[in-house]
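Student: Can we go through this structure together? I'd like to know what earns each label its place.
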Amino acid sequence: MNENPYDELKGLTRQHADLTWEMGESGEFLEDEDARLVQAMRDHPEYADLWGRLGELSDEQIQRDGTNPILHITIHQTIENQIAIGKPKETAQTVEALMQQGLSRHEAIHRVGTVLADEIFHILKDERLFDEAGFVRRLQRLVKPAMPHPPKTPRPRRRLKGRYR
């Protein structure tokens, strides 16, 4: 038995991604979450040479410029899953707000993913549960506040009988 549960989880995640990719590429029907995983993989052509070979590659061969592509697409998929099920609803609201501020959907998903990655880090480090309220607060900080209306310029006052009112 593997002594490090995170290594075991990493291996299972890699195996799932590999099998799901193969199923998606062969045209098999995929359930919602698996379909979103394959779409996240397709949305990252910079890692295309990895998909379908995850079972043969070492961790070092998978790493790209300090990024773990499997973790990257898993976070991407998780954000898409949150949007699809509407929980927390603020995930979809944040992605939409970031898109209204000019980001592509893909980049908005990545921005929200940074908040999720930070939350996952603290879950593992502090051995605690998902803090939905804290996650939502951090999502809200991603969105720039709307520009307030410019102050109204006072209109000149009318003159009555040679005086200002």
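Tutor: Sure, let's start with a pair of side chains: those of Arg111 and Glu107 meet in a salt bridge, 3.7 Å from N to O. Keep in mind that this is a predicted model.

Student: What makes the meeting of Arg111 and Glu107 a salt bridge?

Tutor: The label needs a side-chain nitrogen of Lys or Arg within 4 Å of a carboxyl oxygen of Asp or Glu. Arg111 and Glu107 come in at 3.7 Å, N to O, so the pair qualifies.

Student: Where do Arg111 and Glu107 lie?

Tutor: Both sit in helix α6 (residues 105–126), four residues apart, which is about one turn of the helix. An α-helix has 3.6 residues a turn, so residues three or four places apart point the same way.

Student: Are Arg111 and Glu107 buried, exposed or partly exposed?

Tutor: Buried means under 20% relative accessible area and exposed means over 50%, with partly exposed in between. Arg111 has 36%, so it is partly exposed. Glu107 has 32% and therefore counts as partly exposed too.

Student: Which residue forms a salt bridge with Arg128?

Tutor: That's Glu119, and the closest N and O atoms are 2.7 Å apart. Set 2.7 Å against the 4 Å limit, and the name fits.

Student: How do you know whether Glu119 is buried or exposed?

Tutor: Its relative accessible area is 1%, so Glu119 is buried. Arg128, at 27%, is partly exposed, because that value falls between 20% and 50%.

Student: How many salt bridges does the structure hold?

Tutor: There are 13. One of them joins Arg14 to Asp59, with the closest N and O atoms 2.3 Å apart. Arg14 lies in helix α1 and Asp59 in helix α3 (residues 59–62), so this pair ties together parts that are 45 residues apart in sequence.

Student: Why is Arg14 called buried?

Tutor: Because its relative accessibility is 15%, and the cut-off for buried is under 20%. Asp59 has 31%, so that residue is partly exposed.

Student: Which residues are linked in a network with Arg14 and Asp59?

Tutor: Asp7 and Lys10: together with Arg14 and Asp59 they are linked in a network of salt bridges.

Student: Let's turn to helix packing. Why is α1 called roughly perpendicular to α2?

Tutor: Two packed helices are described by the angle between their axes and the distance between the axes. Here the axes of α1 and α2 come within 9 Å and cross at roughly 90°. Angles of 65 to 115 degrees count as roughly perpendicular, so that makes α1 roughly perpendicular to α2.

Student: Which residues meet where α1 touches α2?

Tutor: From α1 there are His16, Ala17, Thr20, Trp21, Gly24 and Glu25, and they meet Asp34, Leu37, Val38, Met41 and Arg42 in α2. By class, this contact has five nonpolar, three polar and three charged residues.

Student: Which members of the largest nonpolar core touch the most other members?

Tutor: Met41, Leu50, Trp51, Leu54, Ile62 and Ile73, out of 15 residues in that core. Helices α1 (5–25), α2 (32–42) and α4 (69–85) each supply at least two residues of the core, and the largest share, four residues, comes from α2.

Student: What is Ile73 in contact with, leaving aside its neighbours within four places in sequence?

Tutor: Leu37, Ala40, Met41, His44 and Trp51. Apart from this largest core lies another one, of 11 residues, including Ile75, Val115, Leu116 and Phe135.

Student: What makes Thr91 count as buried?

Tutor: Thr91, in helix α5 (residues 89–100), has 0% relative accessibility, so it counts as buried. Beyond its neighbours within four places in sequence, Thr91 is in contact with Ile79, Gln82, Ile83, Val112, Phe135 and Leu139.

Student: How far apart are the C-alpha atoms of Thr91 and Phe135?

Tutor: They are separated by 9.3 Å, although the two residues are 44 apart along the chain. Phe135 is also one of the buried residues of helix α7 (residues 132–142), along with Gly134, Val136 and Leu139. What covers those buried residues includes α4, α5 and α6.

Student: How many helices and strands does the protein chain come to?

Tutor: Seven helices and two strands. Buried residues make up 29% of its 165 residues.

Key:
Residues are numbered from 1 along each chain as its sequence is written. This is a predicted model: local features need pLDDT of at least 70, side-chain atom pairs count only at pLDDT 80 or more; totals for chains, interfaces and linings use all residues. Side-chain values use heavy atoms; hydrogens and water are left out. A nonpolar core is a set of buried Ala, Val, Leu, Ile, Met, Phe, Trp, Tyr and Cys residues joined through side-chain atoms within 4.5 Å. Buried means under 20% relative accessible area, exposed over 50%, partly exposed in between (1.4 Å probe, protein chains only). Contact means heavy atoms within 4.5 Å. Axes are lines fitted to C-alpha atoms, for helices over the stretch in contact, and angles run from 0 to 180 degrees between N-to-C directions. Angles under 35 degrees count as roughly parallel, over 145 as roughly antiparallel, 65 to 115 as roughly perpendicular and the rest as oblique. Ala, Val, Leu, Ile, Met, Phe, Trp, Tyr, Cys and Pro count as nonpolar, Asp, Glu, Lys and Arg as charged, and the others, Gly among them, as polar.
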